[in-house]
Amino acid sequence: MPTIEMIRGIGVPAIFTDFCEEAAHLASCCISSITGQPLGLPIQVNPFRQPIAENNSALYIPCYSNGFVFGM
(Lines give C-alpha, C1' and ligand atoms only; values in the text may rest on other atoms or scores of the structure.)
Protein backbone atom coordinates (compact mmCIF):
# COMPACT_ATOMS: atom_id res chain seq x y z
CA MET A 1 0.00 0.00 0.00
CA PRO A 2 2.74 2.56 0.79
CA THR A 3 4.40 1.85 -2.56
CA ILE A 4 1.19 2.46 -4.54
CA GLU A 5 0.61 5.69 -2.59
CA MET A 6 4.18 6.83 -3.31
CA ILE A 7 3.87 6.04 -7.03
CA ARG A 8 0.61 8.00 -7.17
CA GLY A 9 2.10 10.86 -5.15
CA ILE A 10 5.09 11.44 -7.41
CA GLY A 11 2.99 10.92 -10.55
CA VAL A 12 5.13 8.40 -12.40
CA PRO A 13 3.47 5.78 -14.60
CA ALA A 14 3.59 2.22 -13.29
CA ILE A 15 2.91 -0.98 -15.21
CA PHE A 16 2.13 -4.30 -13.49
CA THR A 17 1.75 -7.85 -14.78
CA ASP A 18 -0.10 -10.84 -13.38
CA PHE A 19 -0.43 -14.52 -14.25
CA CYS A 20 -4.17 -14.69 -15.01
CA GLU A 21 -6.98 -12.26 -15.74
CA GLU A 22 -8.75 -12.85 -12.42
CA ALA A 23 -5.60 -12.09 -10.42
CA ALA A 24 -5.05 -8.95 -12.51
CA HIS A 25 -8.64 -7.88 -11.79
CA LEU A 26 -8.17 -8.34 -8.04
CA ALA A 27 -4.90 -6.40 -8.09
CA SER A 28 -6.44 -3.61 -10.15
CA CYS A 29 -9.34 -3.34 -7.68
CA CYS A 30 -6.83 -2.96 -4.83
CA ILE A 31 -4.92 -0.27 -6.73
CA SER A 32 -8.12 1.60 -7.61
CA SER A 33 -9.33 1.50 -4.00
CA ILE A 34 -5.99 2.89 -2.76
CA THR A 35 -5.71 5.64 -5.39
CA GLY A 36 -9.41 6.42 -5.71
CA GLN A 37 -8.97 6.48 -9.49
CA PRO A 38 -9.54 4.00 -12.32
CA LEU A 39 -6.53 2.40 -13.98
CA GLY A 40 -4.75 4.46 -16.60
CA LEU A 41 -3.97 1.31 -18.57
CA PRO A 42 -6.84 -1.20 -18.41
CA ILE A 43 -6.23 -4.94 -18.06
CA GLN A 44 -5.19 -6.51 -21.34
CA VAL A 45 -3.25 -9.47 -22.67
CA ASN A 46 0.47 -8.79 -22.41
CA PRO A 47 1.88 -8.98 -25.95
CA PHE A 48 5.31 -9.74 -24.43
CA ARG A 49 4.17 -12.59 -22.14
CA GLN A 50 6.25 -15.73 -21.89
CA PRO A 51 5.50 -18.10 -24.78
CA ILE A 52 4.69 -21.21 -22.69
CA ALA A 53 1.70 -21.46 -20.36
CA GLU A 54 2.30 -22.48 -16.76
CA ASN A 55 1.03 -25.92 -15.81
CA ASN A 56 -1.31 -25.38 -12.86
CA SER A 57 -3.77 -28.20 -12.24
CA ALA A 58 -5.72 -26.11 -9.67
CA LEU A 59 -6.75 -23.60 -12.33
CA TYR A 60 -8.49 -24.57 -15.53
CA ILE A 61 -7.67 -21.31 -17.28
CA PRO A 62 -4.65 -20.22 -19.30
CA CYS A 63 -1.93 -18.87 -17.00
CA TYR A 64 1.37 -17.21 -17.91
CA SER A 65 3.81 -15.74 -15.39
CA ASN A 66 3.24 -12.32 -16.95
CA GLY A 67 0.13 -12.97 -19.03
CA PHE A 68 -1.82 -9.79 -18.34
CA VAL A 69 -0.70 -6.18 -18.04
CA PHE A 70 -2.33 -3.12 -16.42
CA GLY A 71 -1.12 0.17 -15.09
CA MET A 72 -1.69 3.45 -13.33
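## Close-up views of a predicted model

**View 1. N46, a buried loop residue.** N46 is buried, because its relative accessible area is 7%, under the 20% limit. The model shown here is predicted. N46 sits in the loop that links β2 and β3. Beyond its neighbours within four places in sequence, N46 is in contact with T17, N66, G67, F68 and V69. A polar atom of the N46 side chain lies 2.9 Å from the backbone nitrogen of F48. N46 and D18 are 28 residues apart along the chain, and their C-alpha atoms are separated by 9.3 Å.

**View 2. N66, in the loop between β2 and β3.** The place of N66 is the loop between these two strands. Setting aside neighbours within four places in sequence, its contacts are T17, D18, N46, F48, R49 and Q50. The contact with N46 also appears in the list for N46, alongside T17. N66 and Q50 lie 16 residues apart along the chain. Their C-alpha atoms are separated by 6.7 Å.

**View 3. The sheet and its strand order.** Three strands form an open sheet in the order β1-β3-β2. Pairing is antiparallel. β1 (15–18) and β2 (41–45) are the edge strands, and each pairs on one side only. From one strand to the next, the twist averages 20°. Helix α2 packs on this sheet and touches β1, β2 and β3. The direction of α2 makes about 10° with that of β3. Strands of a sheet pair through backbone hydrogen bonds, either parallel or antiparallel.

**View 4. Pairing of β1 with β3.** The two strands run antiparallel and are joined by 4 bridges. I15 stands opposite G71 of β3. D18 stands opposite F68, also in β3.

**View 5. Pairing of β2 with β3.** Here 3 bridges join the strands, which again run antiparallel. V45 has F68 of β3 as its bridge partner. F68 also stands opposite D18.

**View 6. Q44, on edge strand β2.** Q44 lies in β2, one of the edge strands. Q44 counts as partly exposed because its relative accessibility is 36%, between the limits of 20% and 50%. Residues up to four places away in sequence aside, Q44 touches G67, F68 and V69. The C-alpha atoms of Q44 and F68 are separated by 5.6 Å, with their positions 24 residues apart along the chain counted as the spacing.

**View 7. The two covered faces of β3.** Which residues of β3 are buried on each side? F68 and F70 are buried on one side, V69 and G71 on the other. Both faces of the strand are therefore covered, and each of these residues falls under 20% relative accessible area.

**View 8. The largest nonpolar core.** I4, A24, I31, L39, F68 and F70 make up this core of 6 residues. Helix α2 (21–35) and strand β3 (68–71) each give two or more residues to the core. Nonpolar side chains tend to be buried together in soluble globular proteins. I31, one of the core residues, touches I4, F16, L39, F70 and M72, not counting residues up to four places away in sequence.

**View 9. S28, a buried serine in α2.** S28 has its place in helix α2. Is S28 buried or exposed? S28 counts as buried, because its relative accessibility is 7%. The S28 side chain reaches the backbone oxygen of H25 at 2.8 Å. Neighbours within four places in sequence aside, S28 is in contact with L39, I43 and F70. L39 and F70 are among the residues of the largest nonpolar core.

**View 10. The whole protein.** The protein has 2 helices and 3 strands. Along the sequence they follow the pattern α-β-α-β-β. Buried residues make up 28% of the 72 residues. Of contacts between residues at least 6 apart in sequence, 67% join residues at least 24 apart. The protein exposes about 4,900 Å², and carbon and sulfur atoms supply 62% of that area.

Notes:
Residues numbered from 1 in each chain as written. Predicted model: local features only at pLDDT ≥ 70, side-chain atom pairs only at ≥ 80, totals over all residues. Heavy atoms only, no water. Core = buried A, V, L, I, M, F, W, Y, C linked by side-chain atoms within 4.5 Å. Buried < 20%, exposed > 50% of the residue type's maximum accessible area, 1.4 Å probe, protein only. Contact = heavy atoms within 4.5 Å. Pairing = 2+ DSSP bridges. Axes fitted to C-alpha atoms, helices over the stretch in contact; angles between N-to-C directions. Areas by Shrake-Rupley, 256 points an atom, 1.4 Å probe, with all protein chains shown as cover. Polar contact = N/O pair within 3.5 Å; in protein donor to acceptor, adjacent residues only side chain to side chain.
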